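Student: Please take me through some of the labels used for this model and the reasoning behind each.

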Amino acid sequence: MRSGSRPLKISGVPTLTATNLTKRYREVVAVDGLTFALEPGSIIGFLGPNGAGKTTTLRLLLGLAEPTSGTALVFGRPYRMLEDPCRRVGAVLESGDFDPGRSGRNHLRALALAAKVGFDRVEELLALVELSDAAARPVRTYSLGMRRRLGLAGALLGDPDLLVLDEPANGLDPAGVHWLRGFLQRFAGTGRTVLLSSHVLAEVAQTVDSVLILSRGRLIAERRIDELPDPARALEALYLELTA
Ligand SMILES: Nc1ncnc2c1ncn2[C@@H]1O[C@H](COP(=O)(O)OP(=O)(O)OP(=O)(O)O)[C@@H](O)[C@H]1O
Ligand SMILES: [Mg+2]
């Protein structure tokens, strides 16, 4: 996939803050009193075992679920109060939410119309994620990795300041993972922020600036990667010790 150069964007407001964020589903406490703030210009990895509450937290941050208590703010406001949300936040939570009969290009064009973004941006993003040649094919013929890349293109339509990605490397081949890492690092290098969840600790250790580790809905550790002596090994050891 191709790289793109971007102008520096810095916002004075904290990118994302969760304060005592809690979500219950009947007897399950999916997210339990989470408090954290994200630094602009960094990539933050959200880690934790299956069912730890990562996706639920991302949904709360994006206004896709209501907190039982506590607050989730994006650029100082609840997501739904953002004036131009797709220019502030791009998100990919799962790979399955495409109309399977629609082409990749038409999927992005529909999003572009809703977001008042020109179709030239659609072509630019198709090229960026290397889907130009497949753009006319129905999404049902796409591989998992192609769907992930189409999802990422959709998240980037509004040239947002914050990217929220749930397991973005899942389904990408090694070249795709390598590209994604470089892309996210360049993106954050322009003062923007990335929050991504992942289970692939070795990849996370190479990509992110800091990690938040969740277990049973609670934040159990927050670390900067540059504080860890041998990041890939140290991160795995820390994760296994804390989530055992
Ligand atoms: N809509 C829902 N209704 C009921 N329970 C839910 C709902 N969504 C999530 N949960 C529960 O909340 C908990 C946290 O789920 P969540 O999907 O946030 O975990 P996760 O950390 O993303 O896990 P994974 O690594 O498997 O993606 C789980 O116990 C899950 O069963
Ligand atoms: Mg999840």
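Tutor: This is a predicted model. A starting point is Ser 215, which touches Ala 52 and Ile 220 when residues up to four places away in sequence are left out.

Student: Where does Ser 215 lie?

Tutor: Ser 215 is in strand β8, residues 210-215.

Student: Why does Ser 215 count as buried?

Tutor: Its relative accessibility is 12%. Buried means under 20%, so Ser 215 counts as buried.

Student: What makes helix α1 mostly covered?

Tutor: Helix α1 spans residues 54-61, and six of its eight residues are buried. Those residues are Lys 54, Thr 56, Thr 57, Leu 58, Leu 60 and Leu 61. After α1 comes Gly 63, with a positive phi near 70°.

Student: Why are α3 and α4 called oblique to each other?

Tutor: The axes of helix α3 (residues 104-115) and helix α4 (residues 119-128) cross at roughly 135°. Roughly antiparallel requires an angle over 145 degrees, and roughly perpendicular covers 65 to 115. The angle falls in neither class, and therefore α3 and α4 are oblique. Their axes come within 9 Å, and α3 passes α4 in a right-handed crossing.

Student: Which residues of α3 and α4 meet?

Tutor: From α3, Arg 105, Leu 108, Arg 109, Ala 112 and Leu 113 meet Phe 119, Val 122, Glu 123 and Leu 126 of α4.

Student: How do the residues of this contact divide into nonpolar, polar and charged?

Tutor: The contact of α3 with α4 has six nonpolar residues, no polar ones and three charged ones. Arg and Glu count as charged, and Arg 105, Arg 109 and Glu 123 are among the residues that meet.

How values were computed: Residues numbered from 1 in each chain as written. Chains lettered and ligands numbered in written order. Predicted model: local features only at pLDDT ≥ 70, side-chain atom pairs only at ≥ 80, totals over all residues. Heavy atoms only, no water. Buried < 20%, exposed > 50% of the residue type's maximum accessible area, 1.4 Å probe, protein only. Helix = DSSP H or I, 4+ residues; strand = E, 2+ residues; numbered from the N terminus. Axes fitted to C-alpha atoms, helices over the stretch in contact; angles between N-to-C directions. Parallel < 35°, antiparallel > 145°, perpendicular 65-115°, else oblique. Left-handed = near helix turned anticlockwise from the far one by under 90°. Contact = heavy atoms within 4.5 Å.
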